[in-house]
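Q: Please take a close look at one part of this model, the inside of the fold. I would like a connected account of which residues are found there and what they touch.

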Amino acid sequence: MSTATPTPDPAPRPERYCRVTITSWRTAPDEPSPPTVENPDYHLRYYAFCSGCGHNGPIRSSENTAVEDGCDHAHPDWREMPVMDHRPYEGKPLAAWEKQARAVYPAGWFDREGPVRAYRTPGGTRHVPGYAPGGGYSMAVLRPQPAAAPIRGEQASLFG
Ligand SMILES: [Zn+2]
């Protein structure tokens with residue numbers, strides 16, 4: 001038997017600032033989908049909840065969209081922030097990356113759990129909680145890919 005003290009419901013929340021928290025659940029078979037759900041056939045739903053002021057974002061079928069809703073609420077300027085390389089995992093590269101992020105983002109941004117925008121590649125574009133210097137989200141920005149050059153030799157042999 002656990003001797004841990006049960007968490008009060010609702011849990012205490014920081015009142016200092018708005019912040020991004022994501023709630024998710026599996027839909028029931030007969031659960032109606034509001035028009036904010038992009039893919040009604042997907043089995044999971046998400047919404048952003050602000051434990052600072054109690055604001056709820058719209059219900060979504062995409063976790064990334066719910067995270068963006070939460071950032072739009074808590075950090076409205078996030079889409080204008082600089083894009084960094086993806087966060088290194090540890091050690092000196094991580095320390096250098098955090099130092100650079102704090103230098104190019106507004107003062108105090110990361111102290112309020114503001115998100116960092118970071119380049120990613122296809123297949124790794126989930127917004128990752130806890131990956132900003134202050135513990136906020138790392139918002140995936142698809143790294144621009146160079147346009148593919150035409151492969152003339154193969155084209156000629158395919159149709160030649
Ligand atoms: Zn709020």
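A: A residue is buried if 20 or more other C-beta atoms, placed from the backbone, lie within 10 Å of its own; it is exposed at 12 or fewer, and partly exposed in between. The model is a predicted one, in which local features need pLDDT of at least 70 and side-chain atom pairs count only at pLDDT 80 or more, while totals for chains, interfaces and linings use all residues. Residue numbers start from 1 along each chain as its sequence is written.

We start with the whole protein. Of its 160 residues, 21% count as buried. It has three helices and five strands (DSSP runs numbered from the N terminus: H or I of at least four residues for a helix, E of at least two for a strand). Along the sequence these follow the pattern β-β-α-β-α-β-β-α. Among contacts with a separation of 6 or more, 46% are between residues 24 or more positions apart (a contact means C-beta atoms, placed from the backbone, within 7 Å).

Next comes the largest nonpolar core (a set of buried Ala, Val, Leu, Ile, Met, Phe, Trp, Tyr and Cys residues joined through C-beta atoms within 7 Å). This core has 18 residues, and the ones that touch the most other members are Val20, Val67, Cys71, Val116, Ala118, Tyr137 and Met139. Strand 2, helix 1, strand 4 and strand 5 each give two or more residues to this core. Helix 1 gives the most, with four residues. Domain 1 (10–74) and domain 2 (77–145) both contribute residues, so the core lies between them (the bounds come from an automatic or database domain assignment).

Helix 1 itself covers residues 63–74. Its buried residues are Ala66, Val67, Glu68, Asp69, Gly70, Cys71 and Ala74. They pack against three strands: strand 1 (21–26), strand 2 (44–49) and strand 5 (138–142). Two of the residues buried in helix 1, Val67 and Cys71, are also among the core members that touch the most others.

Strand 4 and strand 5 belong to an open sheet of three strands, which has the order 3-4-5 and parallel pairing (strands pair if DSSP finds at least two bridges between them). Strand 3 (83–84) and strand 5 are its edge strands, each pairing on one side only. Strand 3 is joined to strand 4 by two bridges in the parallel sense, and here Met84 has Ala118 as its bridge partner. On the way to strand 5, strand 4 makes five bridges, again parallel. Ala118 takes part here too, standing opposite Ala140.

In strand 5, two residues are worth following. Ser138 is found in this strand and is buried because 21 other C-beta atoms lie within 10 Å. Leaving aside neighbours within four places in sequence, Ser138 is in contact with Arg87, Pro115, Val116, Ala118, His127, Val128, Tyr131 and Ala132. Its C-alpha atom is 9.2 Å from that of Gly114, which is 24 residues away along the chain. Met139, with the neighbours within four places again left aside, is in contact with Cys71, Trp78, Pro115, Val116, Arg117, Ala118 and His127.

Pro115 appears among the contacts of Ser138 and among those of Met139. Where is Pro115 placed? It sits in the loop between helix 2 and strand 4. Pro115 counts as buried because it has 28 C-beta neighbours inside 10 Å. Not counting residues up to four places away in sequence, Pro115 touches Cys71, His75, Trp78, Ala132, Gly136, Tyr137, Ser138 and Met139. One of these, Cys71, is a buried residue of helix 1. Another residue of that helix, Glu68, is 47 residues from Pro115 along the chain, and their C-alpha atoms are separated by 10.0 Å.

The loop between helix 2 (91–104) and strand 4 (116–120) also holds Glu113. Is Glu113 buried or exposed? Glu113 is buried, because 22 other C-beta atoms lie within 10 Å. Its phi is near 60°, a positive value in a residue other than glycine.

Methods: The expected span of a helix is 1.5 Å times one less than its number of residues. Two residues are in contact if their C-beta atoms, placed from the backbone, lie within 7 Å.
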